[in-house]
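Q: Got a minute to go through this one with me? I'd like to take it piece by piece.

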Amino acid sequence: MTERIARILDYLNQREYRKLRQEKPEGFVRATCVKEQVKVFKEIVDSEKPLLFLEDTLGFNRYTGCVMPQAEGNLTPNYARVIQKGFDAIVEEIKVSMQKTEDPEKLAYGQGMLGYIELCLNLVEKYQELAKQECPKLYEALLKVPHKGAETFYEACVFMKMCIYFLRLCGVTHLTLGRFDQYMYPFYQRDKAAGKSDEEILELIEEFFISINYDSDLYHGVQQGDNGQSMVLGGFDKDGSSMYNALSKLCMQASLELSVIDPKINLRVGKNTPDEVYEYATLLTKQGLGFPQYCNDDVVVPGLIKLGYAPEDAFDYTVAACWEYIVPNCGADYPNITTMDFPHLVYDVMKENLLDCDSFEELMALTEAAIGKECDRLTEEYNHTQVLPQAFLSIFMDGCIESLTDLWAGGTKYNNFGCHGAGIANGADALAAVKKIVFEDKAVTKEELLSALDADFEGYAKVRNLLKSCPKMGNNEDEVDDIAAKMMDAFQKGINHRDNQHGGIWRAGTGSAMEYLWKGEQCPATADGRGAGEPYSSSFSPSLDVKTDGLLSVIQSFTKYDMTHIINGGPLTIEIHDTVLRNEMGVKKTAQLVKQFILLGGHQLQLNAINRDRLLDAQDHPEKYPNLIVRVWGWSGYFNELDVAYQNHIIRRLEYLV
Amino acid sequence: MQGIVFSVEEFSVYDGPGIRTTVFLKGCPLRCSWCHNPEGQSYLPEIVKSPNGCIGCGACIRTGFTRESIGACPKNLLRICGERITSDDLVKKLLKNRNILNNGGGVTFSGGEPLTQPEFLFDCLSKLEGRLHRAIQTCGYCEEELFQEALKHTDYVLYDLKLMDDALHQKYTGVSNQKILCNFGLLAKSGTDFVTRIPLIPGVTDTEENLGAIAQLLKEYKVSAVEVLPYNKMAGGKYAMVGRSYTPAFDETAEITPRQELFERFGIQVRIL
């Protein structure tokens, strides 16, 4: 990195700039109609003033520290269209659409869109004034963007930063960056043709990456860092050609050099990804930030097509805030609307039916039926979900301007719902344990098992140890992996393709988000030996406290099921000790391991290089580790800024890591 | 046939080419002062306790650190180190991952010292022939005939050389290096693929005299590369697990000097692991 970037990075990491923020009382109301929303937006924009940080040439930083009323949005807007056209052309498009209709609702909606853009332009004007004094480079760019489309890579970065800033002011919680290496590539090519070097473009990318970290503390979901700024790089197109280009590499390099939380890198790979790409990505893993997260095109694309996505959209897929597979630009999917809680469901089935079951097959059949019923219940409950309109975000979504219809009301091509599947490993382990201990070995009676669960194993240490010694998911043992497959099959058959009453369908996934803690807290002791209230495994991973045979067995267990059927997202998460990556040999072999996972048909992999001793030390001496970053579930955050429950879960995942 | 195995480690990165699973056989004739696998030294199964996650409830002590204690630990931290396993079961377990291992990797038998359980080792190696790439990691301390036999059953050898001076070798490892050097000669002439490895122990093996002598030996045998393993400051970490204290006979805080130039002057490539 250049000396200038090093200075800016240091400025970011010192966090002193946050003291510049003017604190404003909260009190922005959560308006429900577009007209009112524009009024609130005006108040917010009025409270903001232009602010340039150290050697800042992008601007659009938050002036106040107030948090907006949150609005839904875990999707990838079509930045490319907006930054290529510019707001003037978009205003024209909106006006044309308004001329074609007399529907007062649509007209009001169009008026709302125009209102938003006008307010944005007002603030841009103030930036122009400031930039004229302080940053001629930015001033010059602002003479063109956002009125006109960007032409250079720099102008595109300024426009992007502006879009992110204004979308954030509208309260969009999880704003993903999508395929930055694809939609920014034309600007890159133009700059290269004009004689710019890769080093100059890298510096711009690095400044842009740093700039989207400045205010990330204001936009947290469940925990700080959970802000959705994921970026997708690489991938293959429908002809099988690699889309991993020079810009993809520069983005990886920027992430590697900066070691900051955002953007969270997702790398699209497939059977034809060359070893060098995996090896370079492994260097990024070595940084310990928890990215890249790998996405397997060979599984995801066919999976999305099976769900009804048009092939051209499926090939263009991106990743939502964490790991939900979505399509950019024309997809207003709600990929994390609810969660199937497998361990609790398995518990309920046992509690109600175990005494009457004469065979394990009977219990398994009842479990599968219960999963189907739970799909009925979840879909009925969430089909009634009402989402507030978002006229500004809709400007960025294909189809909304033409139809003057909100993205959540059918303005876009896709309005699907995604359902997470939490604790699959715990659920499968519990069933496998009952199969062995109760039905096969008859070492514990049904009554005894239920009493042990009721007592949270108090006085039943022996039963618990027997349960814990049974086959577990992650050891490449068909007995338990087959049970997991049956559960996933019941889930996907029960929920995929169901009508969501919002013009879309439902999709099944393997993610848990924060539910591995939240639902775990509510769940009684389960037959895998997990105590009452204890967490589940995070997403699609072996249960906590399970000592597996090792990474090869884990990978095999979690790639057995045909993952194209359950593609809402949710990664296998594995930790490797950071000493494995201490030299080139370790890096190469880790890269090979990832490649094997992809070749075996894994859909998503989150690989974390981690050092348990360092995390424990950071708990005792947080002051020594102000910038220690860890992967939490679908995102990375500063270790010190996490609740202790999340810190402990991460540490506990590592107990068997030597 | 049964053997005593104290660990089967998947994805062991530094035990031979490619993605490998390493099988650790229990028992070792050497007592290296820097040994980081103390649980591999004794030939017999023993009960060990993982230090991570202990809540100090005392259940293991109350049950006398016996087999019974394993079930009594609420955190499941106790285990028997050195389970008896049949060659058939072990081979079956290894082959479960053959789809991954057969992409340039394989299996490595290490220890302890794998050649201290020769019948079991050869039985496993024979059963794996043609199915998985087989390596052994050895200190080379065994009879010549046994070593010749081992070479027949293996595709690759990771061979440790520690100290060229016999007196020092006896002082730091407990045994003479005569057999080791003799077997190394056999290996070098055998045509079997191998790599030489040297543990770099500060002030003990990393002296100019010792590394210079090893380099000279490698040159004589026309060896083109060597792997050096810097002393692991965590080496003492597992002694508590087996109820022993770690008392290295050297200053473990001293700097290590790899002295690559001693090898490179003979055109021998040095890889630091």
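Q: How much of chain B is buried?
A: Of the 273 residues in chain B, 52% are buried, where buried means under 20% relative accessible area, exposed over 50% and partly exposed in between (1.4 Å probe, protein chains only). Keep in mind that this is a predicted model, where local features need pLDDT of at least 70 and side-chain atom pairs count only at pLDDT 80 or more, while totals for chains, interfaces and linings use all residues. Residues are numbered from 1 along each chain as its sequence is written, chains are lettered from A and ligands numbered from 1 in the order in which they are written, and side-chain values use heavy atoms, with hydrogens and water left out.

Q: And what's the buried share in chain A?
A: There it's 64% of the 658 residues.

Q: Back to chain B. What is it built from?
A: Chain B has 10 helices and 11 strands. Those are DSSP runs numbered from the N terminus: helices are H or I with at least four residues, strands are E with at least two.

Q: What radius of gyration does chain B have?
A: 19 Å, which agrees with the value near 19 Å for a compact globule of 273 residues. The radius is taken over C-alpha atoms, and the globule rule is 2.2 Å times the number of residues to the power 0.38. The C-alpha trace of chain B spans about 60 × 45 × 30 Å along its principal axes.

Q: Same questions for chain A, then.
A: Chain A has 27 helices and 14 strands. Its radius of gyration is 25 Å, in agreement with the value near 26 Å for a compact globule of 658 residues. The box filled by the C-alpha atoms of chain A is roughly 80 × 60 × 50 Å along the principal axes.

Q: What share of the contacts joins residues far along the sequence?
A: In chain A, 76% of the contacts with a separation of 6 or more are between residues 24 or more positions apart. In chain B, 69% of the contacts between residues at least 6 apart join residues at least 24 apart. Contact here means heavy atoms within 4.5 Å.

Q: Give me one buried residue in chain B to look at.
A: Try Phe263(B), in helix H10 (residues 260-264) of chain B. Phe263(B) is buried, with a relative accessible area of 0%.

Q: What does Phe263(B) touch beyond its neighbours within four places in sequence?
A: Its contacts there include Ile198(B), Leu211(B), Ile214(B), Leu218(B), Val226(B) and Val270(B). Gln216(B) is 47 residues from Phe263(B) in sequence, with 8.2 Å between the C-alpha atoms.

Q: Switching to charges. How many salt bridges are there over all chains?
A: 47, a salt bridge being a side-chain nitrogen of Lys or Arg within 4 Å of a carboxyl oxygen of Asp or Glu.

Q: Any you'd click on?
A: Arg7(A) and Glu55(A) form one, at 2.5 Å from N to O. Arg7(A) sits in helix H1 (residues 3-14) and Glu55(A) in the loop between helix H2 (34-47) and strand E1 (71-75) of chain A, so the pair ties together parts 48 residues apart in sequence.

Q: Are those two buried or exposed?
A: Arg7(A) is partly exposed at 40% relative accessibility, and Glu55(A) is partly exposed at 31%. Both belong to a salt-bridge network with Arg4(A), Glu203(A) and Glu207(A).

Q: Which salt bridge has buried partners?
A: Arg268(A) and Asp297(A) form a salt bridge at 2.9 Å, N to O. This pair links distant parts of the chain, 29 residues apart, with Arg268(A) in strand E4 (residues 264-269) and Asp297(A) in helix H13 (residues 297-306) of chain A. Both residues are buried. In chain B, Lys162(B) and Asp160(B) form a salt bridge too, with the closest N and O atoms 3.8 Å apart. Lys162(B) is buried at 8% relative accessible area, and Asp160(B) is buried at 17%.

Q: What about the backbone, where are the cis peptide bonds?
A: One joins Asp262(A) and Pro263(A), with omega about -5°. Pro263(A) is in the loop between helix H11 (246-258) and E4 of chain A. Another joins Gly111(B) and Gly112(B), with omega about 25°.

Q: Which residues other than glycine have positive phi?
A: Among them is Ser539(A), with phi near 50°. Ser539(A) is buried, at 2% relative accessible area. Asp456(A) has phi near 55° and is partly exposed at 32%.
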